[in-house]
Structures are given as structure tokens and as C-alpha cells.
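Hi,

Here is the structure I promised to pass on. Have a look at it first, and then read my notes below.

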Amino acid sequence: MADTPHAGADENQRLRQQYHEIAQLAGALAHEIKNPLSVIRMNMELLAEDLGPGAGPAERRALQKVQIVQSQCHRLEHLLDSFLRFARVLPLQLSPGSLNEHISRVLDLFAPQAAAQGIAVARFLDPDLPSIMIDEQTLQAALVNLVKNAIEAMVDGGQLTARTRLTRNGVALDLIDTGCGMDPGTAMRMFEAFFSTKDGGSGLGLPMARKGIEAHGGRIDVQSELGRGTKFTLEFPMPPRLMGDEAPHRASPAGD
Ligand SMILES: Nc1ncnc2c1ncn2[C@@H]1O[C@H](COP(=O)(O)OP(=O)(O)OP(=O)(O)O)[C@@H](O)[C@H]1O
Ligand SMILES: [Mg+2]
């Protein structure tokens, strides 16, 4: 019995290595597909220009077909870019940062789209929220995916609420939308790579967000009700030096 855990650790190590190799191979393949694909797309653009607008009916039909190929090329390029970001096997570059600042930045980015869709955005950001260790790019990408999903879930308007708060173990962000919500089947599969209920969706947004958050030692929880909305909660641990008997150090107010 004594050597069972050891054998398990070896097996884990072997599987991790195997996963790493497959992820790298898949990344390289995606990269290789991108080059010929962009040649196809560029030539389709030239062909569309040649066919031009004022042409006869046959040319117009040909132009329509070229445009379909162009839009499918765009879709494949988007899919490959998402996959490459997803498969990225790079170590995090952590530095102290403010969750308030990061979520504010992403909400600002989506403000025009939210306004155009009739979505009110409410921010309840704890001004005394302590700093956490953050890899800026990874966290930003995760938040972009979550906010984008929330906005896509509220096609007929609604409210998006972002709230940050101190928890027992660290800091948390709640992102609450009053959108379409998820049925149980969707809720079960939402973190599966390539699972999407959207036309042209890559299904990589949520798995990528979860991977990024877990790489920070954090976790992501979801509550969703069909027709009512969805709440995503992200919790990040406090760096050890900020934990202890005394009150946690507080970062300078941010996010305003
Ligand atoms: N806030 C939300 N409200 C309702 N459904 C959601 C929400 N977030 C995610 N989902 C569901 O989870 C699925 C997977 O989301 P994910 O972000 O991984 O992919 P996607 O949004 O479909 O594609 P992409 O991110 O490439 O645009 C979505 O297709 C949708 O059905
Ligand atoms: Mg998405």
C-alpha cells in the first residue's frame, strides 16, 4: 500500500507530460492551418474586388459564393485564434494588482456595446479591496470572456452588475446578468471546450476563463436560471504575506 501514492504521482506526472505534448502539438497544428487559411482569405478578397459590384447576374452569384467562403474563413480564423490562446502553455507572470481596476477596464471596454443594447451597468466595487497576485493578460482575457457572454445573453437589454468583496480566503468578484440564463443541459456543459449554443461561437471562452482563473489559484462558480439570468463568482486567494493575524494590508483605492 505504501508505494501506491508514489505510483499515482508518477502516473500523474506522465499524464501531465502527455497533456503538455498534445497541447503543444495541437497549438502547432492550429498555427500551421492559419497561414494557408489567410492566403485563401486574401485571395477571396481579391476575387471579390475583381467581380466587383456593377457586374452581370452570373458575376453577382459568383460574388455571393465568394462572400460565403470569406465569412467562413473569418470564422475559422477566429476559432484558431481562440484555440491558440486556450492552448497557450505559458507560465503566469504574477505581480500585485487590483481586481477593481481590471474589471473596471473591461466594463469600460464594453460600455458602448452595453449602452447600444440597452444594458445598464452597475458597479459595486469595494474601495478597500486588498491587492492580489495577477497575471494581467490572463485575467483580462478571462474577464473579457465573462462580460462578453453576459452582454450576449441580454440581447433585449437588462442589467449587468459587478461587485467585488473581501472573503474569508481572499477577494471575490460577482458578475450578475439578467439575461437568458441557462437550461440544465447547457449549465452542465458550459465549461467543455468547443461547446457553444451560439451561431459561430467557438465554445472556448468559458474553458479559457476557468483555466486562467484556476492558474491564479482561484475558482469560478456559476448559478444560472433559465429566463432569469446568471451569476458568475470568481474568488482569488490572498497572497500569503497579506494573510495573518493582523488586519490585511489594503491596496490604495482603485477602480474609480
Ligand atoms: N452569461 C451567460 N448567460 C447565458 N448563457 C451563457 C452565459 N455564459 C455562457 N453561457 C453559455 O455557455 C456557452 C459556452 O460559453 P463560451 O463563452 O465558452 O462559448 P461561446 O460564448 O458560445 O463562444 P465564444 O466565447 O467563442 O463567443 C455559451 O454558448 C452559452 O450557451
Ligand atoms: Mg463566450
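**Strand pairing and the sheet**

Strand 5 (residues 170–177) runs antiparallel to strand 7 (residues 229–237), and eight bridges join the two. Keep in mind that this is a predicted model. If you want to find the register by eye, Leu 173 sits opposite Leu 234 in strand 7, and Gly 170 faces Pro 237, also in strand 7.

Strand 7 has a second antiparallel partner in strand 6 (residues 219–225), this time over seven bridges. Here Glu 225 is the residue opposite Gly 229 of strand 7. Strands 6 and 7 make a hairpin with three residues between them, and in the turn Gly 227 has a positive phi of about 80°.

Zooming out, these strands belong to an open sheet of five strands in the order 2-4-5-7-6, and the pairing is mixed. Its edges are strand 2 (119–125) and strand 6, each of which pairs on one side only. On average, neighbouring strands in the sheet are turned by 10° against each other, ignoring direction.

Which strands does helix 4 lie across? They are strand 2, strand 4 (158–166), strand 5 and strand 7, and the helix runs at about 20° to strand 5.

**The chain as a whole**

There are six helices and seven strands in the protein chain. Reading from the N terminus, the order is α-α-β-α-β-β-α-β-β-α-α-β-β. The chain has 256 residues, of which 26% count as buried. Of the contacts with a separation of 6 or more, 75% are between residues 24 or more positions apart.

**Around ligand 1**

The shell around ligand 1 is made up of 23 residues, and the closest are Ala 153, Ser 196, Gly 201, Ser 202 and Gly 205. Two elements give two or more residues to that shell, namely helix 4 (136–152) and helix 6 (205–215). Helix 4 has the largest share, with three residues. By type, the shell divides into 13 polar residues, eight nonpolar and two charged.

**Helix 6 and the loop before it**

Helix 6 is worth a look for its buried residues too: Gly 205, Leu 206, Met 208, Ala 209, Lys 211, Gly 212 and Ile 213. So Gly 205 turns up twice, as one of the residues closest to ligand 1 and as a buried residue of helix 6, where a charged side chain, Lys 211, is also on the buried list. The cover over these buried residues includes helix 2 (57–87), helix 4, strand 6 and strand 7. Just after helix 6 comes Gly 217, with a positive phi of about 80°.

One more backbone detail: Phe 194 has a positive phi of about 75°, although it is not a glycine. You will find Phe 194 in the loop between helix 5 (184–189) and helix 6. Is Phe 194 buried or partly exposed? With 13 other C-beta atoms within 10 Å, Phe 194 is partly exposed, because a residue needs 20 or more such neighbours to be buried and 12 or fewer to be exposed.

Cheers

Conventions: Residues are numbered from 1 along each chain as its sequence is written. Chains are lettered from A and ligands numbered from 1 in the order in which they are written. This is a predicted model: local features need pLDDT of at least 70, side-chain atom pairs count only at pLDDT 80 or more; totals for chains, interfaces and linings use all residues. A residue is near a molecule or strand if its C-beta atom, placed from the backbone, lies within 6 Å of it. Helices (H or I, at least four residues) and strands (E, at least two) are DSSP runs, numbered from the N terminus. Two strands pair if DSSP finds at least two bridges between them. Axes are lines fitted to C-alpha atoms, for helices over the stretch in contact, and angles run from 0 to 180 degrees between N-to-C directions. Two residues are in contact if their C-beta atoms, placed from the backbone, lie within 7 Å.
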